[in-house]
Amino acid sequence: MKRIAIILDKNLEQGAAANVAALLMGQAALNEPELYSDQPVLDQSGVQHAGIRYSTVILKAGENQLINLAKSCTENQGGLKHLVFTQTGQSLNNAFEEYASEIASMTLEETKVVGVIVWGEDESVRATTKKFSVMK
């Protein structure tokens, strides 16, 4: 069984948190196409439903916890995949080339991480994220 955990900066406003979660999930789905079914899930009315294959949870953490999580995932692969989104990305609306260039010139700490997504085997994701609380 697989699991996804999206861990967001606890100080993000609701709209910004939703945006960061959507961006992280979108990139994760590109990196891991099996996150979603390639066949439509339709109800009896013909309406398509999301075909998510992995259990997903959204958690909250402080900025330093997010940085430490990203670093620990990078150092201890353990089969988990991850990626981050940052304040740098939030500040560069519709400026992808500038975003990519700025990120390439900064350390992880300088980017000011606002969200991390981690996915893989359920047990590993739970062990890695157990110290974070559920976002409400």
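**Figure 1. Antiparallel pairing of strands E1 and E6 in the predicted model****.** Strand E6, spanning residues 113-121, runs antiparallel to E1 and is joined to that strand by seven bridges. Within this pairing, Ile-6 of E1 is found opposite Ile-117 of E6. As with every view shown here, the coordinates come from a predicted model.

**Figure 2. Parallel pairing of strands E1 and E4****.** Strand E4 comprises residues 55-61 and pairs with E1 in the parallel sense. Seven bridges make up this pairing. Lys-60 in E4 serves as the bridge partner of Leu-8.

**Figure 3. Enclosure of strand E1****.** Strand E1 consists of residues 2-9. Because seven of its eight residues are buried, the strand is largely enclosed by the rest of the structure. E1 is bridged to E6 in the antiparallel sense and to E4 in the parallel sense.

**Figure 4. The largest nonpolar core****.** This core contains 17 residues. The members that touch the most other members are Ile-4, Ile-6, Leu-8, Val-20, Leu-24, Ile-117 and Trp-119. At least two residues of the core are supplied by each of E1, helix H1 (14-31), E5 and E6. Helix H1 gives the most, contributing six residues. Ile-6 and Ile-117, both named among these members, also stand opposite one another in the pairing of E1 with E6. In soluble globular proteins, nonpolar side chains tend to be buried together.

**Figure 5. A second nonpolar core****.** Separate from the largest core, this second core comprises 15 residues. Among them are Leu-59, Leu-66, Ile-67 and Leu-80.

**Figure 6. The aromatic pair of Phe-85 and Tyr-99****.** The structure holds two aromatic pairs. In the pair shown here, the ring centres of Phe-85 and Tyr-99 lie 6.3 Å apart and the ring planes meet at 45 degrees, so the pair is classed as tilted. Phe-85 belongs to strand E5 (residues 81-86) and Tyr-99 to helix H4 (residues 96-104), so that the pair links distant parts of the chain, 14 residues apart. Phe-85 has a relative accessibility of 12% and therefore counts as buried, the cut-off being under 20%.

**Figure 7. The aromatic pair of Phe-96 and Tyr-99 within helix H4****.** This pair is also tilted, with 6.1 Å from centre to centre and 55 degrees between the planes. Both residues lie in H4, three residues apart, which corresponds to about one turn of the helix. Phe-96 is exposed, its relative accessible area being 54%, whereas Phe-85 is buried. Phe-85, Phe-96 and Tyr-99 together form one aromatic cluster.

Methods:
Residues are numbered from 1 along each chain as its sequence is written. This is a predicted model: local features need pLDDT of at least 70, side-chain atom pairs count only at pLDDT 80 or more; totals for chains, interfaces and linings use all residues. Side-chain values use heavy atoms; hydrogens and water are left out. Buried means under 20% relative accessible area, exposed over 50%, partly exposed in between (1.4 Å probe, protein chains only). Helices (H or I, at least four residues) and strands (E, at least two) are DSSP runs, numbered from the N terminus. Two strands pair if DSSP finds at least two bridges between them. Rings of Phe, Tyr and Trp (its six-membered ring) pair if their centres lie within 6.5 Å; planes under 30 degrees apart count as stacked, over 60 as edge-to-face and the rest as tilted. A nonpolar core is a set of buried Ala, Val, Leu, Ile, Met, Phe, Trp, Tyr and Cys residues joined through side-chain atoms within 4.5 Å.
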